[in-house]
Amino acid sequence: MYATPPKFIGFRRRSEWLTAFQVATCLPAFLAPGDIPVALASSLSHWLNGSGLLAAEAGYSAAERYCLRIAFLWKIYQAFETAGFGEQVAEAIARNALDVLEETPVFGRPIDSESLFLAPFPEAVLAHVKAVHEYYLAHAPIRELEFGCPPLAVISLPFSSPGFLCTVVLPAEMSVERARRLWRQFMRENTAVRLILLGSDPAACEVAKIADPIFYAPGGGQKPGRCLWSQLPGLAPDIHQWLRQQGYANPEYARCIILKASGTLSTVLTNTDAIDEFVLSEAFFNAC
């Protein structure tokens, strides 16, 4: 791997980058094939966040940064493979591995790693990713268990509720505290265009039925989106406050809130607007 084994530091407990990498490897239970694009985007978003935090961590050599980033890519791949979806994520994992290689100074790269750009894709790249993971385990002062999910419980937001493709429903009987935690988790997942639907009346139900397939399979080469349908009156004040912070003056009239992938506000449709398939499709693509 390296002509002379680098001197590795290993994991620094309580490091923010380590937590981000660990969260990236944790998948929700009961993934369905339609969940994979969003689940993978979420994992890679956490992994990229961890990569940025690691870059700011003093003391790590270029070689160790390379090995850490690649090793956790392998753990992400393993998580999907265990769930039965390794083939679906293989190319994305391999592309990100090649990006890491390009971003690493030559003196921090493994011997002959440049040949990966011309090797069979993604098979050769995945074999390299696995080899780097095993090399780091053999030479760094860590234990395999420490590659796992964080010891603190991380609330897992489901990818859909029964009867929907990409819509999570927060029912009226759910506790406000749990709904608030799920909503905040939804807001943190800045990987796709998202919609927040408010209300439990028949009009809200009709909007949910229209929006769900639009955000699940938007077409036009755009990434799938996600929807959160909050039926709890008790959660509305939190969402209204967020809207005010975004500069929206009359949040009490909001029915549909569409966010860009960056997490910023794109469009607000009110409870007096005529909300149909055309309006929701246009709002989705305006947010892309």
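How far is the sulfur of Cys-227 from the closest cysteine sulfur? Keep that in mind as you load the model, which is a predicted one.

**Stop 1: the cysteines**

Select Cys-227 and Cys-166. The sulfur of Cys-227 lies 4.3 Å from that of Cys-166, its closest cysteine sulfur, and this is too far for a bond. A disulfide would need the two sulfur atoms within 2.5 Å. Cys-227 is buried, at 2% relative accessibility.

Now add Cys-288. Its closest cysteine sulfur is the one in Cys-227, 12 Å away, so no bond forms here either. Cys-288 is partly exposed, at 44% relative accessibility. The disulfide count for the structure comes to zero.

**Stop 2: the cavities**

Stay with Cys-166 and Cys-227, as each lines a cavity. The whole structure has three cavities of 30 Å³ or more.

Start with the largest, which holds about 60 Å³ of space. To outline this cavity, select Gly-34, Asp-35, Val-38, Phe-159, Leu-165, Cys-166, Tyr-216, Pro-224, Gly-225 and Arg-226. Colour the lining by type: six residues are nonpolar, two polar and two charged.

Move to the second largest cavity, with about 40 Å³ of space. Cys-227 is in its lining, along with Thr-167, Leu-195, Leu-197, Val-207, Ala-208, Ala-211, Leu-228 and Trp-229. Show the ribbon here. Strand S2 (194–198), helix H7 (202–216) and strand S3 (226–230) each give at least two residues to this lining. Eight of the lining residues are nonpolar and one is polar, with no charged residue.

**Stop 3: a charge over a ring**

Go to Arg-194, the residue at which strand S2 (194–198) begins. Select Phe-186 as well. The charged end of Arg-194 sits over the ring of Phe-186, 5.7 Å from the ring centre.

**Stop 4: the aromatic rings**

The structure holds twelve aromatic pairs. Pick out Phe-21 and Phe-72. Their rings are stacked, 4.9 Å centre to centre, with 15 degrees between the planes. The pair joins distant parts of the chain: Phe-21 is in helix H1 (residues 16–24) and Phe-72 is in helix H3 (residues 62–82), 51 residues apart.

Are these two rings buried or exposed? Turn on the surface. Phe-21 is buried, at 0% relative accessible area. Phe-72 is also buried, at 0%. Widen the selection to Phe-11, Trp-17 and Tyr-60, which form one aromatic cluster with Phe-21 and Phe-72.

**Stop 5: across the model**

Select Leu-73 and Glu-282, then draw a line between their C-alpha atoms. The distance is 35 Å in space, and 209 residues separate the two in sequence. Glu-282 is in helix H9 (residues 277–287). Glu-282 is partly exposed, at 41% relative accessibility.

**Stop 6: the loop between H4 and H5**

Finish at the loop between helix H4 (86–103) and helix H5 (123–139), where Pro-122 is found. Look at the backbone. Most residues other than glycine have a negative phi, and most peptide bonds are trans.

Which bond is cis? The peptide bond that joins Phe-121 and Pro-122 is cis, with omega at about 5 degrees.

Then select Asp-112, in the loop between H4 and H5. Its phi is positive, near 60 degrees, in a residue other than glycine. Asp-112 is exposed, with 59% relative accessible area.

Terms used: Residues numbered from 1 in each chain as written. Predicted model: local features only at pLDDT ≥ 70, side-chain atom pairs only at ≥ 80, totals over all residues. Heavy atoms only, no water. 1 Å grid on protein atoms, 1.4 Å probe; cavity = no way out; pocket = protein on both sides within 12 Å on 5 of 7 lines; lining within 4 Å. Points joined across faces, edges and corners; volume = space filled by probe spheres on them. Nonpolar A, V, L, I, M, F, W, Y, C, P; charged D, E, K, R; others polar. Helix = DSSP H or I, 4+ residues; strand = E, 2+ residues; numbered from the N terminus. Phe/Tyr/Trp six-rings, centres within 6.5 Å; stacked < 30°, edge-to-face > 60°. Buried < 20%, exposed > 50% of the residue type's maximum accessible area, 1.4 Å probe, protein only. Lys NZ or Arg CZ within 6 Å of the ring centre and 35° of its normal.
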